[in-house]
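Open the model in your viewer and keep a selection prompt ready. The stops below each give something to select and say what is there.

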Amino acid sequence: MTIHKAGFVALAGRPNVGKSTLLNSLLKFKLSIVSHKPQTTRHRLLGIVEGEDFQACFLDTPGLIDTPTDSLQKSLHVESSRAIREDADLIVYMVDVVETDPKAVGQTHVREGVPVLLVLNKCDREVAEPRLAALEAAYSAALKPQKIFRISALKNQGVSELKDEIISRLPESPAFYEKGQLSDRWERFFASEIVREQVFDLYHDEIPHAVAVVVETFRENKGKPDDVFATLYVERDGQKGIIIGKGGKDLHRLTERSQAMLEQFLGRKVSLELWIKVRKDWRKDPRSLKEFGYSG
């Protein structure tokens, strides 16, 4: 009788270390949005990698911040900590070898007894060996990892070896989800994330972090494009003006690009409409956070 393995694997680390990029690389499918800007991930996202005798349930978590500054950051911090401390059978703790200070490890939120794989990411970049060794020493002291990997999630270097190690450490268990399932999220969620990814790509400074995307309508139409209506909430009137742009040019570009990416993701035609509304200081408002899906 073939032994089946299954478990939950938390992808953890500071903002912008490459957790979402690694998840997409493991899945061989772009499920999680990515950006070079920090704090892009706002939700714990499940991505499932499976074979005949295993099912690895990866949890892409928001980046860990030692001192959250507003209600949104506190909510994301709680979500990350919960996934790492309560849900994970195995933790893949990622470190950016270019940006991380070996002397500032900070809180890791790893629960004692949960095995950890330490992953130094972005090793395709030119980094001196003494720096890599210092990072390995600092994080090994804090995490006591079972094994250390040097990878580039973006270039898919070392990812296969990491995946094999993860699978080998999964506990014996039947599958948690139906075979062939890629995630536990609905298409409506991915539509909002795709729009938000384009906001991160097209706008600068504070704008991407001040935007929440809520899909109001997602309607499939047989033989016609799907109807998708989404509202972008910002915190101030000035931010609304920046997103719309002169003569609506920037909003039109955002809509076009978001629609194209959504059609690519779904594999079918979409008619997308975006609306902009102001919800003053929504990131500091618990009621707004709950309404927008940031329960914390």
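Select phenylalanine 229, which lies in strand β8 (residues 224-234); strands here are DSSP runs of E with at least two residues, helices are runs of H or I with at least four, and both are numbered from the N terminus. Phenylalanine 229 has a relative accessible area of 24% and is partly exposed. The classes are buried for under 20% relative accessible area, exposed for over 50%, and partly exposed in between, with a 1.4 Å probe and protein chains only. Now show what phenylalanine 229 touches beyond four places in sequence: Val214, Val215, Glu216, Thr217, Arg219, Glu273 and Trp275, where contact means heavy atoms within 4.5 Å. For a distance label, pick the C-alpha atoms of phenylalanine 229 and leucine 289, which are 60 residues apart along the chain and separated by 20 Å.

Two sentences on conventions fit here. This is a predicted model, in which local features need pLDDT of at least 70 and side-chain atom pairs count only at pLDDT 80 or more, while totals for chains, interfaces and linings use all residues. Residues are numbered from 1 along each chain as its sequence is written, and side-chain values use heavy atoms, with hydrogens and water left out.

Zoom out to the whole chain. The protein chain has eight helices and nine strands. Its radius of gyration is 20 Å, close to the 19 Å from the globule rule for 296 residues, so the protein chain is as compact as a globular protein of that length. That radius is taken over C-alpha atoms, and the rule is 2.2 Å times the number of residues to the power 0.38. Along the principal axes, the C-alpha trace spans about 55 × 50 × 35 Å. Colour by burial, and 51% of the 296 residues count as buried. Among contacts with a separation of 6 or more, 71% are between residues 24 or more positions apart. Colour by charge next: there are 44 positive and 43 negative side chains, and the centres of the two sets lie 4 Å apart. For this count Lys and Arg are positive, Asp and Glu negative, and His and the chain ends are left out; the charge is placed at NZ of Lys, CZ of Arg, CG of Asp or CD of Glu.

Next, select aspartate 96 in strand β4 (residues 90-96). Aspartate 96 counts as buried, at 4% relative accessibility. The side chain of aspartate 96 reaches the backbone nitrogen of valine 98 at 2.8 Å. Beyond four places in sequence, aspartate 96 is in contact with Asn16, Val17, Asn121 and Lys122.

Stay there and add threonine 100, in the loop between β4 and β5. What does a polar atom of the threonine 100 side chain lie 2.7 Å from? The partner is the backbone oxygen of aspartate 96. Threonine 100 is buried, at 12% relative accessibility, and touches Val95, Arg131, Leu135 and Tyr139, not counting residues up to four places away in sequence. For a long-range label, the C-alpha atoms of threonine 100 and threonine 231 are separated by 36 Å, with their positions 131 residues apart along the chain.

From the contacts of aspartate 96, pick asparagine 16. Asparagine 16 sits in the loop between β1 and α1 and is partly exposed at 29% relative accessibility. Check its backbone: phi is positive, about 70°, although asparagine 16 is not a glycine. Lysine 28, in the loop between α1 and β2 (45-51), also has a positive phi, near 60°. Is lysine 28 buried or exposed? Lysine 28 counts as exposed, at 69% relative accessibility.

Move to aspartate 124, in the loop between β5 (116-121) and α3 (129-143). Aspartate 124 is partly exposed at 31% relative accessibility. A polar contact of 2.9 Å joins the side chains of aspartate 124 and serine 152. Such a contact is a pair of N or O atoms within 3.5 Å; within protein, one must be able to donate a hydrogen and the other to accept it, and residues adjacent in sequence count only if both atoms are side-chain atoms. Aspartate 124 also touches Lys155 and Gln157.

Finish at helix α4 (residues 159-168), with buried residues Val159, Leu162, Glu165, Ile166 and Ile167. The cover over them includes β1 (5-13), α1 (19-27), β3 (54-60), β4, β5 and β6 (147-150).
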